[in-house]
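Here are my comments on the model you sent round, set out as numbered points for reading beside the coordinates.

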Amino acid sequence: MARAYHTGVTTRALALASVVFLAACTNGGGTGKAASGAHQLRLAMVTDTGGLGDKSFNDSAYRGLQMAKSKFDAEIAVQESKSAADYQPNLTVLADGDYDEIFAIGFLMNNDLTEVAKNYPDKHFAIIDAVNPQPNVASVTFREQDGSFLAGALAAMVTKTKTIGFLGGIDSPLLRKFEVGYAAGAREIDPNVKVVVKYVGSFEDVASGKELADVMYGGGADIVYIAAGKSGLGAIDEMRARPNAYAIGVDSNQDALVPGKILTSMVKHVDVAVFKIASEVHAGKYPSGSVQLGLKEDGVGLTDFAYTKALIGAAHIARLAALREAIVAGKIVPPSTRDELAAFTPVKL
Amino acid sequence: MAELLDFFQLALVKATPLIFAALAGVICERSGILNIALEGGLTVGAFTGAAVSFETGNPLLGLIAGMLAGALLCGLLGVAATRFGVDQIVAGIGLNMLAAGATAFAVVVLFGAPGATPEVHALGSAGETALIAVAVVAALALQLGFDRTPWGLRLRACGENPQAVLSAGLDPRRIRVLATLAGGAIAGLGGVFLSLGELDLYSDGMTAGRGFIALAAVIFGRWTPLGAAGAALAFGALSALQFVLQRSGVPSELMQALPYLAALAALTGIVGKARAPAADGVSL
């Protein structure tokens, strides 16, 4: 019953909204109510299943909202997803609310977002890590392979055992961008370094993350790049207890979690992207279309080695800077799929 | 050789929470309570253990509190099913949701940040090893208790023919509630193994479906303590194998589905006969 009612309303809303939308377009577009100074900016986000507290991806998006809260006095709301079945209800609840922009955090909810964006053509959405063609959705993706390339290069420079690891959350095209970028960076420095790749199969199974880290460090890897959401917390736990074991963090700056043992973090500036969209909405412009943020746009990058400068050494850090320049200049194009990785040959600066 | 030893160690670690949860499932089901709230029992055990250890600085108090929390949650199922005639599956689903929601909420309230507790004092690797031993001993002890003690007989009778228990002058409803309390405490201990044995924190969703794999282990183990513990051990070994063999050709998703396929095979009689207790899941 509720569903039938809902569809009826949305069909009418769709017809109405398309008229309004066309009118808005001829007007030069995007004079939403956010433009008026008196209106309080209202922003909301739907987390992925990792949820808040992952000290990683979702937390980064949340920081973006908090920045908008303090800068624009925005009202913010968060809907956490416990499973993939929560995406659509969460998005719908927010679309029913009075929000200026709704952020879908994570590629897994792209299909659900398409549905909701179609049902609510007068609402504005943004998705992180996926490209959504709906006109009322802004898409932000990152060139994770760029930053991961630098992480892999660093690991290959620092490793003593000539074996390094990659621990991912769920094997997917997105996580493979981290994986293959990392492997290519290691190959760039030393083709003889062995890269062990494992996936937890979950972003929240902390115990399995720890066990897999045990397998990898126990198998001879001395540096593991951990891109596994909350599962990664278990892997970091395992690393902390082992002498001569190091990790590379991901998404947020995780360097301070175990000072001196997390070489760096491959930061994905989800917070900056979220804040940027919020700023545009605040200025009365609803972004649409898609942008891809790499090293060049400062969308991804390594941290400043706050605790590990001495360990890594100035020569290695200078070499990383040179590699970064080469990627920004387009001289090195890090691979983003396993096929591209197979074809990747080191440039040898 | 060292690698083989590492593998067995990993398999044991993977199996231990499954063994605890499966034993809890056997106790409940043999008494006639189909306890699908094992996942919730693990969750509240893991959370309460970490939270109490954080507040008191004493992981042993955390362990006891975790067992109590598991007993409380599963005891609710026992009471609902025996005093209020609630459908056991519905109540179990509700309790799983309650456990997930209440722990997530409590993390925010107690620790000010969502998702995970800070690091707490844990039992350490000695404690972890001790709990693995406890799991194995508990399986043996329960099997003996089931086969050789009047308590075991009464429990089993409750799951097969509660009317007969009643005519013998005993209250089957009381026995069932006691069974869910005992089972819940054991499931809670499985959760404590995760948060304070293997790790030193609680994180939302960390049980990751282990309670449901334990249900499969109960079926594959034919509702006996040793059988269920053996099945849990096999499933633990399977996921350890999955960890080691990843990306060597066998899809890891398939290996993750194997416990359920095994339970299905047991139920359909492909690998011998599996029969649930006659009054399993029948509310009184």
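The points below move from the overall layout of chain A to single residues.

1. Please keep in mind throughout that this is a predicted model. Chain A has 349 residues, of which 53% count as buried, and its secondary structure comprises 12 helices and 12 strands. Among contacts in chain A between residues at least 6 apart in sequence, those joining residues at least 24 apart make up 68%.

2. Chain A is divided into domain 1, made of 36-142 + 271-293, and domain 2, made of 144-268 + 313-343. The C-alpha centres of these two domains of chain A are 28 Å apart, and the contact between the domains takes 11 residues from domain 1 of chain A and 14 residues from domain 2 of chain A. On the domain 1 side of that contact, helix α2 (residues 57-72) of chain A gives the most, with 3 residues.

3. Strand β8 (residues 223-227) of chain A deserves a careful look, since 5 of its 5 residues are buried. Both of its faces are covered, with A:Ile223, A:Tyr225 and A:Ala227 buried on one side and A:Val224 and A:Ile226 buried on the other.

4. Which strands pair with β8(A)? Strand β6 (residues 163-168) of chain A runs parallel to β8(A) and is joined to it by 5 bridges, with A:Tyr225 of β8(A) as the bridge partner of A:Phe166. Strand β9 (residues 246-251) of chain A also pairs with β8(A) in the parallel sense, here over 3 bridges, and A:Tyr246 in β9(A) stands opposite A:Ile223. The connection from β8(A) through helix α8 (residues 231-241) of chain A to β9(A) makes a right-handed β-α-β unit.

5. Two residues of β8(A) reappear in the largest nonpolar core, which has 200 residues: A:Val224 and A:Ile226 are among those with the most contacts inside it, together with residues of chain B including B:Ile19, B:Ala22, B:Leu23, B:Ala217 and B:Ala232. The element that gives the most to this core is helix α1 (residues 2-30) of chain B, with 15 residues. Domain 1 and domain 2 of chain A both give residues to the core, so it lies between them. For one view from chain B, B:Ala217 touches B:Leu18, B:Ala22, B:Ala228, B:Ala231, B:Ala232 and B:Phe235, when residues up to four places away in sequence are left out.

6. Turning to the interface between the chains, 24 residues of chain A are in contact with 24 residues of chain B. On the side of chain A that touches chain B, at least two residues each are supplied by β7 (194-199), α7 (206-218) and α8 of chain A. The largest share of that side comes from α7(A), with 8 residues.

7. Is helix α5 (residues 144-158) of chain A largely enclosed or exposed? Of its 15 residues, 14 are buried, so α5(A) is largely enclosed by the rest of the structure. Its length also agrees with expectation, because at 1.5 Å a residue the 15 residues should span 21 Å, and the end C-alpha atoms of α5(A) are 21 Å apart.

8. A:Lys177, which lies in helix α6 (residues 173-189) of chain A, merits a check by eye. This lysine counts as buried because it has 25 C-beta neighbours inside 10 Å, where 20 or more are required. Apart from neighbours within four places in sequence, A:Lys177 is in contact with A:Glu144, A:Gln145, A:Ser148 and A:Ser336. The C-alpha atoms of A:Lys177 and A:Val291 are separated by 17 Å, the two residues being 114 residues apart along the chain.

9. Finally, two loop residues have backbone angles to inspect. A:Asp73, in the loop between α2 and β2 (75-79) of chain A, has a positive phi of about 55° although it is not a glycine, and with 10 C-beta neighbours inside 10 Å this residue counts as exposed. A:Asn244, in the loop between α8 and β9 of chain A, has a positive phi of about 60° and is not a glycine either. A:Asn244 is exposed, with 10 other C-beta atoms within 10 Å.

Definitions and conventions: Residues numbered from 1 in each chain as written. Chains lettered and ligands numbered in written order. Predicted model: local features only at pLDDT ≥ 70, side-chain atom pairs only at ≥ 80, totals over all residues. Buried ≥ 20, exposed ≤ 12 C-beta atoms within 10 Å, placed from the backbone. Helix = DSSP H or I, 4+ residues; strand = E, 2+ residues; numbered from the N terminus. Pairing = 2+ DSSP bridges. Right-handed = clockwise from strand over helix to strand, strands pointing away. Core = buried A, V, L, I, M, F, W, Y, C linked by C-beta atoms within 7 Å. Domains from an automatic or database assignment. Contact = placed C-beta atoms within 7 Å. Expected span 1.5 Å × (residues − 1).
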